[in-house]
Amino acid sequence: MKIGIDKIGFYAPHLYVDMNKLAVRRNVEPEKFTIGIGQEKMAVPPITQDSVTLAANAALEVLDENDKEAIDFVIFGTETGIDNSKSAAVYVHHLLGLNPHARTVEVKHACYGATAAIQMAKGHIALNPESKVLVLASDIARYGLNSSGEATQGAGAVGMVISADPAILALEDKSAYLADDVMDFWRPVYSDKALVDGKLSNEKYISFFAKVWEQYKEKTGRELKDFEAITFHLPYTKMGKKALKPVLEETTEDVQERLKANYQISTEYNRNVGNIYTGSLYLSLLSLLEQKEDLEAGARIGMFSYGSGAVGEFFTGILQDGYREHLKIKEHDELFASRKEVSVDEYEAIFEETLPTDGSSIELDVNSDPAQIYLAGVTDHMRRYVNKEK
């Protein structure tokens with residue numbers, strides 16, 4: 001039985017800041033941002049959007065009534081959850097009007113959470129072939145204004161329906177994974193901003209990919225020539241390139257050129273959104289599938305997932321016949337085209353606007369947020385979400 005990605009949707013806030021302009025304000029050469037780390041635009045979430053609303057808007061794009069009835073498991077991967085007890089998944093379950101007879105859980109391991117969710121979903125479908133699982137990957141990357149990580153911030157979400165006989169990508173069974181206790185990136189419960197050892201994180205990312213790639217080859221006997229493309233978790237778009245470069249020496253020049261060209265295509269969406277943590281790998285996959293028009297059914301796609309702290313996994317999928325018919329290419333083109341640029345001053349003001357941490361109630365100005373699902377305010381310690389269509 002084939003199990004994999006049947007549908008995939010994406011949502012990003014309607015605001016962004018130009019990385020060239022941010023670099024000038026920070027007295028940095030623009031090329032350091034646009035070429036050095038490979039970022040052009042950074043999504044800026046208004047206070048009316050959080051990890052719950054981003055995820056709900058991403059899923060809203062792809063779900064139909066049959067999906068809503070068949071989904072009996074919602075798994076929400078995030079490291080920017082909004083509650084230490086209540087699962088973010090149950091908010092989305094309600095906002096989308098899903099089948100009440102469903103499990104709803106939130107999973108966390110930095111940027112690896114959604115990959116863990118997909119592996120859990122595969123097991124559930126194997127036991128319940130008639131079921132569908134909604135996997136949500138949603139995050140807001142915050143390091144702070146003028147911080148070393150500021151240029152690798154971002155916000156967005158990817159929503160995926162995992163099912164038997166998937167329309168887009170059938171996931172293969174064998175994967176390779178690795179864990180180690182590493183303090184390369186973390187966010188204490190008392191902080192709304194992440195802490196990072198950038199040099200160590202880069203080193204671990206590269207070494208984890210090298211190790212899981214070796215493990216994968218031993219398990220399967222496959223080589224780089226067996227892949228049409230390899231997509232990566234992208235905290236910034238140059239990161240995957242650094243990990244891929246050393247292993248390219250294993251193969252021929254034509255395979256090297258194919259993998260490098262397809263890698264570049266896979267970075268297009270991330271380059272214009274920024275880091276969305278656990279959703280970054282799946283945004284990269286989506287960029288490849290939607291931007292490369294001549295990918296053929298039967299092609300094998302490799303995926304490297306890395307979550308600081310640290311866990312890494314390399315797994316694979318096979319493109320299905322007619323997969324492009326099930327992508328939301330037009331909708332995503334419109335999403336990017338409709339976004340509004342904000343100045344650096346406006347971005348800084350939006351960044352500093354946060355919800356009360358003392359239990360105070362607040363009503364938010366929602367008139368400027370075009371999203372169908374948004375956060376309207378906080379009352380008696382409870383966030384109030386609105387779906388305009390309900």
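Tutor: Strands here are DSSP runs of E with at least two residues, numbered from the N terminus, and in this predicted model Asp165 lies in the loop between two of them, strand S7 (154-164) and strand S8 (169-171).

Student: Why is Asp165 called exposed?

Tutor: The relative accessibility of Asp165 is 60%, and the word exposed is used for values over 50%, so Asp165 meets the cut-off. Asp165 also has a positive phi of about 50 degrees, although it is not a glycine.

Student: What makes Asn27 exposed?

Tutor: Asn27, in the loop between helix H1 (19-25) and H2, has a relative accessible area of 74%, and because exposed means over 50%, the term applies to Asn27. The phi of Asn27 is near 60 degrees, again a positive value in a residue other than glycine.

Student: Why is Lys328 described as partly exposed?

Tutor: Lys328 has a relative accessible area of 24%, and partly exposed covers what lies between the 20% under which a residue is buried and the 50% over which it is exposed, so Lys328 belongs to that middle class. Lys328 sits in the loop between strand S14 (311-319) and helix H12 (329-338), and beyond four places in sequence it touches Ile8, Glu61, Val62 and Glu290. The C-alpha atoms of Lys328 and Phe10 are 8.8 Å from one another, with their positions 318 residues apart along the chain.

Student: How do you know that Thr78 is buried?

Tutor: The relative accessible area of Thr78 is 1%, and buried means under 20%, so Thr78 is classed as buried. Thr78 is found in the loop between strand S4 (71-77) and helix H5 (88-96), where, leaving out residues up to four places away, it touches Ser51, Glu106, Val107, Lys108, Ser138, Asp139 and Thr278.

Student: What makes the approach of Thr78 to Asp139 a polar contact?

Tutor: The side chains of Thr78 and Asp139 are joined at 2.8 Å, and since a polar contact needs N or O atoms within 3.5 Å, one able to donate a hydrogen and the other to accept it, the distance satisfies the limit. A polar atom of the Thr78 side chain also lies 2.6 Å from the backbone oxygen of Ser138.

Student: Why is H5 said to be largely enclosed by the rest of the structure?

Tutor: That conclusion is drawn because 7 of the 9 residues of H5 are buried, namely Ala88, Ala89, Tyr91, Val92, His93, Leu95 and Leu96. At the start of H5, a side-chain oxygen of Ser87 comes within 3.0 Å of the backbone nitrogen of Ala89, and after H5 comes Gly97, with a positive phi near 65 degrees.

Student: What makes 15 residues in the lining of the second largest pocket nonpolar?

Tutor: They are counted as nonpolar because they belong to a set of residue types that runs from Ala and Val to Cys and Pro, and the lining also has 12 polar and 3 charged residues. The pocket has a volume of about 640 Å³ and is lined by 30 residues, of which Ser148, Gly149, Thr152, Gly198 and Tyr236 lie nearest its centre. H7 gives the largest share of the lining, 4 residues.

Terms used
Residues are numbered from 1 along each chain as its sequence is written. This is a predicted model: local features need pLDDT of at least 70, side-chain atom pairs count only at pLDDT 80 or more; totals for chains, interfaces and linings use all residues. Side-chain values use heavy atoms; hydrogens and water are left out. Buried means under 20% relative accessible area, exposed over 50%, partly exposed in between (1.4 Å probe, protein chains only). Contact means heavy atoms within 4.5 Å. On a 1 Å grid over the protein atoms alone, a cavity is a set of points where a 1.4 Å probe fits but cannot get out, and a pocket is an open set with protein on both sides within 12 Å along at least five of seven lines; lining residues have an atom within 4 Å of a point. Grid points are joined across faces, edges and corners, and a volume is the space filled by probe spheres set on the points.
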